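Student: I'd like a close look at one part of this model, the pocket, and then at how the rest of the fold sits around it. Could you walk me through it?

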Amino acid sequence: MTLRIVAVGRVKQEALRDACEGYATRIGRYDGLTIDEVKEAGRPEREAVQARKQEGERLLKALDGRHVVIALTRTGEAVSSEGLAERLGAWRDAALTATFVIGGTFGLSTAVLQRADWRMRLSELTFPHDVARLVLLEQLYRAHTILRGEPYHKGSQR
């Protein structure tokens, strides 16, 4: 299976970037992973709609029509770590590439949300997009350890 993350902007804080790279390396022991970044629109907040549209166009250009596209959004479906692992297992068994899409400061455009095969939320909480990337990478690593029965995930133990 190949995993792909397409995100608006880069991770600017060194500590977050290092943590993301650490989880990406761990995931690489199980599956291929690519992370592609598209340029932020860099618009002032009063132009959020235009920024979302511009970033959405860049994200759509970066997507491959043959992939399962998962949009990370506050309005997406909540899923447990085990539930994400089940989905990853199903995509792996179907030999699909799963592409996770992370928007910028203003979220994802309607066009990107419409293109998505699944809308997922990481939490009821709102995260900056670079923190969302770190949380996603950690959860993808956790999902792989669940699928392999490795001890990293302790969610079912009390």
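Tutor: Happy to. S3 gives the largest share of the lining of the largest pocket, with four residues. Keep in mind that this is a predicted model. S5 and H5 also come in, since S3, S5 and H5 each supply at least two residues of that lining. In total 23 residues line the pocket, and those nearest its centre are Leu 72, Thr 73, Arg 74, Gly 107 and Phe 127. The space inside comes to about 540 Å³.

Now for the nonpolar interior. The largest nonpolar core has 27 residues, and the members touching the most others are Ile 5, Ile 70, Trp 91, Phe 100, Met 120, Leu 136 and Leu 140. Two or more residues come from each of strand S1 (2-8), helix H1 (14-27), strand S3 (68-78), helix H3 (81-93), strand S4 (97-102), strand S5 (118-121) and helix H5 (129-148). Of these, H5 is the top contributor to the core, with six residues. Take Leu 140 as an example: leaving aside residues up to four places away in sequence, Leu 140 touches Leu 3, Ile 5, Ile 27, Leu 84, Leu 88 and Phe 100. There's also a second, separate core of twelve residues, with Leu 63, Ala 71, Leu 108 and Leu 113 among them.

H1 is worth a turn of the model too. With 14 residues at 1.5 Å each, H1 should span 20 Å, and its end C-alpha atoms are indeed 20 Å apart, so the two agree. Its buried residues are Leu 16, Cys 20, Tyr 23, Ala 24 and Ile 27. Looking down the axis of H1, you'll find these buried residues within an arc of 105 degrees, so they line one face of the helix. That fits the general rule: an α-helix has 3.6 residues a turn, so residues three or four places apart point the same way. What does the buried side of H1 pack against? Its partners are S1, strand S2 (32-38) and H5. On the face turned away from that buried side, H1 carries the exposed residues Glu 14, Ala 15 and Thr 25.

Last, back to H5 for one residue, Val 131, which sits in that helix. Val 131 has 23% relative accessibility, and buried would need under 20%, so Val 131 counts as partly exposed. Val 131 also makes a nice sequence-versus-space case: Gln 13 is 118 residues away from Val 131 in sequence, yet their C-alpha atoms are 10.0 Å apart.

Key. Residues are numbered from 1 along each chain as its sequence is written. This is a predicted model: local features need pLDDT of at least 70, side-chain atom pairs count only at pLDDT 80 or more; totals for chains, interfaces and linings use all residues. Side-chain values use heavy atoms; hydrogens and water are left out. A nonpolar core is a set of buried Ala, Val, Leu, Ile, Met, Phe, Trp, Tyr and Cys residues joined through side-chain atoms within 4.5 Å. Buried means under 20% relative accessible area, exposed over 50%, partly exposed in between (1.4 Å probe, protein chains only). Contact means heavy atoms within 4.5 Å. The expected span of a helix is 1.5 Å times one less than its number of residues. The arc is that of the directions from the helix axis to the C-beta atoms. On a 1 Å grid over the protein atoms alone, a cavity is a set of points where a 1.4 Å probe fits but cannot get out, and a pocket is an open set with protein on both sides within 12 Å along at least five of seven lines; lining residues have an atom within 4 Å of a point. Grid points are joined across faces, edges and corners, and a volume is the space filled by probe spheres set on the points.
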